[in-house]
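Grab a coffee and work through these exercises with the model open beside you. Try each task yourself before reading on to its solution.

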Amino acid sequence: VWEATIKYHECYIYDVGLVPGMPYKIVNGQLEPAWEKPKTVDKILEALSEQSEELKQKAIEWATLLECEAPDLKRVALDIEVLTEIPTRVPDAREAPQPIICVSLVGSDGLERVLLLRREGVEEGNFDLPEHVRVEFYDDERDLLLAVFSALVDYPVVITFNGDDFDLRYLFHRAERLGFTRKEIPIEPGRDKYSLRYGIHIDLYKFFSITALQVYAFGKKYESVSLDELGSALLGMGKIELTKPLSELTYAELASYCYRDGLITLKLTQFDNELVMKLAILLSRISRMPVEDATRLSVSRWIRSFMQAELRRMGALI
């Protein structure tokens with residue numbers, strides 16, 4: 001019953017013959033490929049002149065996947081900070097008992113916002129953020145979450161660091177706790193990932209945890225998968241070190257801390273000529289997996305999906 005274990009959306013991709021990550025156009029309501037043959041096609045045919053037609057076609061197909069330009073995806077990095085009762089303990093994201101006190105949104109289109117929840121007895125502090133960063137104060141947590149959800153809908157791709165287990169998970173359950181309906185929350189909960197109703201969620205923690213990428217793509221420049229180590233190793237920019245709990249920070253200190261986390265998260269997708277985004281798109285094409293799946297799963301799963309797509313194309317029972 002192996003066929004029965006293949007996910008429904010993967011079956012759809014295989015059956016229709018779609019290649020995730022490749023450009024398409026809509027003609028009379030149907031998806032049609034919008035890419036050209038690779039420039040190297042003549043050299044490939046010359047090099048494989050004595051080989052079978054099947055091998056020639058496969059070589060051209062792979063060259064097409066590798067040579068087609070990766071799209072420049074408009075995206076926003078999201079980071080949240082939550083008020084904690086015990087400074088050393090992270091609140092349960094499923095229970096979401098504590099208020100979200102700060103959210104940073106840093107977009108590839110230049111958007112830079114820090115949203116703060118006003119609380120009694122908190123000092124303003126001295127803001128030293130860059131001039132273009134917009135700091136917004138909210139008296140009500142519901143209004144803060146509404147502003148965040150409204151911003152997320154504007155972006156086809158949302159980037160987080162550990163958003164599956166914390167940021168998006170906490171946002172979803174906190175919104176439910178505050179009385180939001182499912183329709184008002186643009187986040188889709190899953191068993192092991194949290195997606196977006198109107199876009200793609202890429203969790204960089206999952207992506208950088210893939211051992212093959214750590215070794216072959218990034219030359220083992222980092223040992224542990226933490227935002228601080230990745231930022232320091234790949235960008236030369238670490239997290240802001242805190243000397244006191246989040247609950248004791250001034251608004252200015254909290255804003256700077258949250259903004260830096262969001263900025264590092266976005267820049268991890270931009271360094272080295274957008275290497276991370278190009279890798280994500282390429283892995284999606286080769287594995288025939290949606291970008292969300294390809295950036296979360298290991299090599300063996302990429303190969304399995306590719307094999308399934310090939311067998312389905314041949315009309316073979318898996």
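A pocket here is an open set of grid points with protein on both sides within 12 Å along at least five of seven lines, whereas a cavity is a set of points where a 1.4 Å probe fits but cannot get out. Keep in mind that this is a predicted model.

**Exercise 1. The largest pocket**

Work out how much space lies in the largest pocket, and which residues and elements line it.

*Solution.* Start with the volume: the largest pocket holds about 620 Å³ of space. Next, look at the walls. There are 24 lining residues, and those closest to the pocket's centre are Glu81, Val90, Phe166, Lys239 and Tyr257. Now ask where the lining comes from: β3 (75-82), α6 (163-177), α9 (227-235) and α10 (251-267) are the elements that each give two or more residues. The largest share belongs to β3, with four residues. Finally, sort the lining by class, and you get 12 nonpolar, eight charged and four polar residues.

**Exercise 2. Strand β5 and its neighbours**

Find out whether the residues of β5 are buried or exposed, then find which strands pair with β5 and in which sense.

*Solution.* Take burial first, with the cut-off at under 20% relative accessible area. Six of the six residues in β5 (112-117) pass that test. Now split them by face. In a regular strand, side chains alternate between the two faces of the sheet. For β5, one side carries Glu112, Val114 and Leu116 and the other Arg113, Leu115 and Leu117; every one of these is buried, so both faces are covered.

On to the partners. Strand β4 (100-107) runs antiparallel to β5, and five bridges join the two. To see one of them, go to Val103 in β4, whose bridge partner in β5 is Leu115. The two strands make a hairpin with four residues in between, and Gly110 in that turn has a positive phi of about 100 degrees. Strand β6 (134-138) pairs with β5 too, in the parallel sense and over five bridges. Here, try Arg113: its bridge partner in β6 is Arg134.

**Exercise 3. The enclosed space**

How many cavities of 30 Å³ or more are there, and which residues line the largest cavity?

*Solution.* Count first: there is one cavity at 30 Å³ or more. The largest cavity holds about 40 Å³ of space. Then list its lining: Leu152, Val153, Tyr155, Pro186, Leu196, Arg197, Tyr198 and Gly199. Sorted by class, that makes six nonpolar residues, one polar and one charged. Glycine counts as polar and arginine as charged under this scheme, so Gly199 and Arg197 fill those two slots.

How values were computed:
Residues are numbered from 1 along each chain as its sequence is written. This is a predicted model: local features need pLDDT of at least 70, side-chain atom pairs count only at pLDDT 80 or more; totals for chains, interfaces and linings use all residues. Side-chain values use heavy atoms; hydrogens and water are left out. On a 1 Å grid over the protein atoms alone, a cavity is a set of points where a 1.4 Å probe fits but cannot get out, and a pocket is an open set with protein on both sides within 12 Å along at least five of seven lines; lining residues have an atom within 4 Å of a point. Grid points are joined across faces, edges and corners, and a volume is the space filled by probe spheres set on the points. Buried means under 20% relative accessible area, exposed over 50%, partly exposed in between (1.4 Å probe, protein chains only). Two strands pair if DSSP finds at least two bridges between them.
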